[in-house]
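Me: I have this model open beside my bench notes and would like a close look at one part of it. Could you pick a buried glycine, start there, and then walk me outward to the rest?

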Amino acid sequence: MSAANEHATRQHPDWKATAAAIVGTASVVMAATILNVALAPLMGVFAVDQPTIQWLVTGFLAAMTTAMLVSAWSVERFGIRATYIAAMAVFVVGSVIGAVAPGMGWLIAARVLQGAAAGIVQPLGMLVVFHAFPPGQQGRGFGLYGLGVILSPAAAPVLGGLLVDLVSWRATFLAAVPFCLMGMALARAHLPGRHPSETPPRPLDVAGLVLLAGTLAVLLWALSRGLQIGWTIPAVQGGLVTGAVGLAAFLGWEMRCKAPLLKLAVFRSAPFVGGFLLTVAVGGGLYASTYLIPLYLQQVLGMTPSGAGLVLMPAGLAMAATFPFAGRMADRLPPAVPVVLGAALFALSCGLLAMAGAGPAVPWLVVWILLGRVGLGLIMPSATAGSLARLDRADVPQASGAMNFGRQLGGSLCVSLISIVFTAAAGTHADGFALLDAAGQRLALAHGYQVAFAVLAVVQVVALAALGLTRR
């Protein structure tokens, strides 16, 4: 029986397959945020600055962005079970490499492997849940799946901070490995394989994959090196130009390819384009703030990694609690209402952090960070639902994949750009920074974070212009 027929005739949920999806996805999602509280200690261990350390975040996100577009092809070619197990195995290998890495290059390579595996597993988990529940009960399944996936990154900063303080930063790479092995065992026993009778898979768009991966790597490299060696250096300017040309070449190829990684036909819908741009902004705000806040708490306020994790945890839990409420708002109100409210809360959060400087009280920090996470939680369901609702049903799978792609792309680019903003404002790239005493360096860092948070607030407000497209 084919997967589609099996899904159509299913009468009861497949809880074991659902458990495999939740365990696996929660494991890789944990890795996306658990290392953030270790970035400040790692800057000291390896004597690197922010433009270098941010590669541990942007490398993960860029690899995940690219791999997400390969997930559907891999399922068609190898089946759900084989794809899941192979991706989790790659994730475990990346985790072990990170745990024993002797230098920054090995750490970045480990994060790229983890990100690539996460990009395969995340869309796969949603597919497993869809097939595990009978028609009419998928909402229940996705609710359970979403709760598990959201709670994982909420708890990850606390777990990461405790591991850094009590064991070592290397332990943060191994924290998810037991859950990965559990997920692989569940997958081997309970996930379906590929049926021989299924239609042949479409060919992999290798050219598009190489263009996208190469473009992101070159562009992010040029952005990270610009402040370090100078924007007028031919290598940096060449990298920026190559990135722009590569992006144009990728889009041009995807328009002509018979089996593209990213189907661009959905972008003919103005409401979808508006929702896509909002999703890019949300991804940028989410990942950039998640990157900045732990560094600010440790470098300026002198918190330990575990202390920074505890400050972040209420915000993560609040964001998880916001999603059900935001989903009901998306069903009952025009998209503009929750999107504007959410953007206002996120901008307010960033604005308050921008004015905080070097001496805010911890309870206020918890509240300010929480406001931003609630704001992002309000935006996501409405931006997605508002953009997908007006598409033909046949286009929804491709459009959903494009939205995930946009969120991760926004995250990888925004983390890189916000690191540049911080470095320029704090002056950490200049020779004079090393001549400052500890108090002077702390004030310079505080100013850098103030400017970075202010820029994040402005970007989220400017992104509201995309609402004009969603109304068409």
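Reply: G375 has a relative accessible area of 0%, so it counts as buried (buried means under 20% relative accessible area, exposed over 50%, and partly exposed in between, with a 1.4 Å probe and protein chains only). This glycine sits in helix α16, residues 362-388; helices here are DSSP runs of H or I with at least four residues, strands are runs of E with at least two, and both are numbered from the N terminus. Leaving aside neighbours within four places in sequence, G375 is in contact with G342, L345 and F346, where contact means heavy atoms within 4.5 Å. A347 belongs in this picture too: the C-alpha atoms of G375 and A347 are separated by 8.5 Å, with their positions 28 residues apart along the chain.

Before going on, please keep in mind that this is a predicted model, in which local features need pLDDT of at least 70, side-chain atom pairs count only at pLDDT 80 or more, and totals for chains, interfaces and linings use all residues. Residues are numbered from 1 along each chain as its sequence is written, and side-chain values use heavy atoms, with hydrogens and water left out.

A347 leads us on to helix α19, because A347 is also a contact of A457, together with C350 and G351, again leaving aside neighbours within four places in sequence. A457 is found in α19 and is buried, at 10% relative accessibility. Its C-alpha atom is 8.0 Å from that of S349, although the two residues are 108 apart in sequence. V459 lies in α19 as well, which covers residues 438-462. Here the cover is less complete: V459 is partly exposed, with a relative accessible area of 39%. From V459 to C414 the C-alpha distance is 9.9 Å, for a sequence separation of 45 residues.

Next comes helix α17, residues 396-426, where you will find R407. This arginine is buried, with a relative accessible area of 19%. Not counting residues up to four places away in sequence, R407 touches T279, G283 and Y287. Earlier in the chain, C257 is in the loop between α12 (234-256) and α13 (270-299). C257 is buried at 17% relative accessible area, and its C-alpha atom is 9.4 Å from that of A207, 50 residues away in sequence.

Moving to α9, a helix of residues 171-174, we meet T172. T172 is buried, with a relative accessible area of 4%. Its contacts, again without neighbours within four places in sequence, are I34, L35, G160, L163 and V164. I34 is a useful link to helix α2, which covers residues 15-34. In α2, 16 of the 20 residues are buried, so the helix is largely enclosed by the rest of the structure. Its length agrees with expectation too: at 1.5 Å a residue the helix should span 28 Å, and its end C-alpha atoms are 27 Å apart (the expected span is 1.5 Å times one less than the number of residues).

Helix α5, residues 55-78, bends by about 35 degrees at V70; the bend at a residue is the angle between axes fitted to the seven residues ending there and the seven starting there. With 20 of its 24 residues buried, α5 is largely enclosed by the rest of the structure. Just after α5, G79 takes a positive phi of about 90 degrees. A47 has a positive phi as well, near 55 degrees, and is a residue other than glycine. Most residues other than glycine have a negative phi. A47 lies in the loop between α3 (39-45) and α4 (50-53) and is exposed, at 69% relative accessible area.

For a view from outside, look at V93 in helix α6, residues 80-100. V93 is partly exposed, with 46% relative accessibility.

Finally, the whole protein. Its secondary structure comes to 20 helices and zero strands, and 55% of its 472 residues count as buried. Among contacts between residues at least 6 apart in sequence, 83% join residues at least 24 apart.
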